[in-house]
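Subject: A structure for you to look at

Dear colleague,

I am passing on a structure that I would like you to look through at your own pace, with the sequence open beside it. My notes come after it, and I suggest that you keep both in view while reading.

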Amino acid sequence: MSPSTSRRLALLTGASLALLAGCGSSSDSAGAKSAPARVAVVASTNVWGDIARRIGGDRVDVTSVISDPDQDPHSYEAAPQNQLALSQARVVVENGGGYDDFVDRMQKSGHNDSAEVINAVEVSGRTPPEGGELNEHVWYDFPTVAKVAGRISAALAKADPGDATAFEKNAAAFKAKLAPLEAKEAQIKKAYGGEGVAITEPVPLYMTEASGLVNRTPAQFSEAIEEGDDVSPRVLQESLAVFSGRKVKVLVYNEQTSGPQTEKAEAAAKAAGIPVVPVTETLPKGKDYLGWMTGNVDALASALAK
């Protein structure tokens, strides 16, 4: 092969390689399109986080600040990673009503004014009874949960307009699954309306009230337990008397705030043959909101039937 022929072959080979390389880079840039970023959502508890995830589907990234049943939202001190998540959130779902004030504190220090904040208590329209305190545990109130689901859908649609239809469909499907829960409450009310119920905290009251049950627990007892205060001997005796006097058909017991005084109430109920229904404030492990609440309502109905 002559030197000139060798030079021509080398030039042709180099040009071919350059062309191939150019085609490869062009294909990479024009081919795979990066998927749109998911909407960052922060919820104060895994209850609201689960609902947001059901509505957002695979188009959201949800961070639930409190997911451990042993954590008490009333006294929770948020960690730095929670602060970071809130500073980057597009949608924030808080319970409100003084239940999770740490969210507002972190919002202010994180300077994330662009996030859409959904306050469940405000959405509920619930107000304190005359001379009483607001029951902030609105996730036990199914009409409120339906309203909050609608607000979450709207907030996600605002953050991600392209997926608005999917969010609306998911919210509608979720709300449709709340209807059987309300129907079960109505069935309990028809069968047991006016019967007495005892509680250790106000956590389940929206559920028991919707079921037509009357709370017979002295208010000083459940309020003291909720605030972490000691119950006076007189109030404790009055509370235990509702069991010995068989003034109630069931005790609904918050497992997340048990202590010596609530344990005495549980023991008195069992001694009187009164069924105990345990409830929690946050999602138990392995449960979603609908399955959890279905279990709660079914347990209440079963206890009343005993």
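What follows is a description of the sheets, of some helices that pack on them, and of two single residues.

Please keep in mind from the start that this is a predicted model, and that the values below are computed from it.

**The sheet around β1**

A good place to begin is an open sheet of 4 strands, which has the order β2-β1-β3-β4 and is paired in the parallel sense. Its edge strands are β2 and β4 (residues 116-119), each of which pairs on one side only. From one strand to the next, the twist averages 15 degrees.

Strand β1 covers residues 39-45, and 6 of its 7 residues are buried, so that the strand is mostly covered; buried here means under 20% relative accessible area. Strand β2, which spans residues 60-66, is mostly covered as well, with 5 of its 7 residues buried. The two strands run parallel and are joined by 6 bridges. If you would like to find this pairing in the model, look for alanine 40, which stands opposite aspartate 61 of β2, and for alanine 43, whose bridge partner in β2 is serine 64. How does the chain get from β1 to β2? It passes through helix α2 (residues 46-56), and the resulting β-α-β crossover is right-handed.

β1 also pairs with strand β3 (residues 91-94), again in the parallel sense, over 3 bridges. In this pairing, valine 42 stands opposite valine 92 of β3.

**Helices on this sheet**

Helix α2 lies across β1, β2 and β3, and runs at about 175 degrees to β2. Helix α4 (residues 101-110) packs on the sheet too, where it touches β1, β2, β3 and β4, and its direction makes about 150 degrees with that of β3.

**Helix α12 and its neighbours**

Helix α12 is made of 17 residues, numbered 289-305, and reaches 25 Å from its first C-alpha to its last, which is close to the 24 Å expected at 1.5 Å a residue. Among its buried residues are Tyr289, Trp292, Met293, Asn296 and Leu300. In any α-helix there are 3.6 residues a turn, so residues three or four places apart point the same way. The buried residues of α12 pack against several elements, including α2, α6 (142-159), α7 (164-192) and strand β7 (250-254).

The contact with α2 can be described in more detail, since the axes of α2 and α12 come within 9 Å of each other and cross at roughly 125 degrees. Because of that angle, α2 counts as oblique to α12. On the α2 side the contact is made by Val47, Asp50, Ile51 and Arg54, while α12 contributes Tyr289, Leu290 and Trp292.

**The second open sheet**

Another open sheet, also of 4 strands, has the order β6-β5-β7-β8 with parallel pairing. Here the edge strands are β6 (residues 214-215) and β8, each of which pairs on one side only. Strand β5 (residues 196-199) runs parallel to β6 and is joined to it by 2 bridges, and in β6 the bridge partner of valine 197 is asparagine 215. Helix α11 (residues 260-271) lies across β7 and β8, and runs at about 155 degrees to β7.

**Two residues to find yourself**

Is phenylalanine 102, which you will find in helix α4, buried or exposed? Its relative accessible area is 3%, and because this is under 20%, phenylalanine 102 counts as buried. The C-alpha atoms of phenylalanine 102 and glutamate 77 are separated by 6.8 Å, although these two residues are 25 residues apart along the chain.

Glutamate 136 is found in the loop between α5 (120-124) and α6. With a relative accessible area of 7%, glutamate 136 is buried. Between glutamate 136 and aspartate 100 there are 9.9 Å from C-alpha to C-alpha, while in sequence the two are 36 residues apart.

With best wishes

Conventions:
Residues are numbered from 1 along each chain as its sequence is written. This is a predicted model: local features need pLDDT of at least 70, side-chain atom pairs count only at pLDDT 80 or more; totals for chains, interfaces and linings use all residues. Side-chain values use heavy atoms; hydrogens and water are left out. Buried means under 20% relative accessible area, exposed over 50%, partly exposed in between (1.4 Å probe, protein chains only). Two strands pair if DSSP finds at least two bridges between them. A crossover is right-handed if, with the strands pointing away from the viewer, the path from the first strand over the helix to the second runs clockwise. The expected span of a helix is 1.5 Å times one less than its number of residues. Contact means heavy atoms within 4.5 Å. Axes are lines fitted to C-alpha atoms, for helices over the stretch in contact, and angles run from 0 to 180 degrees between N-to-C directions. Angles under 35 degrees count as roughly parallel, over 145 as roughly antiparallel, 65 to 115 as roughly perpendicular and the rest as oblique.
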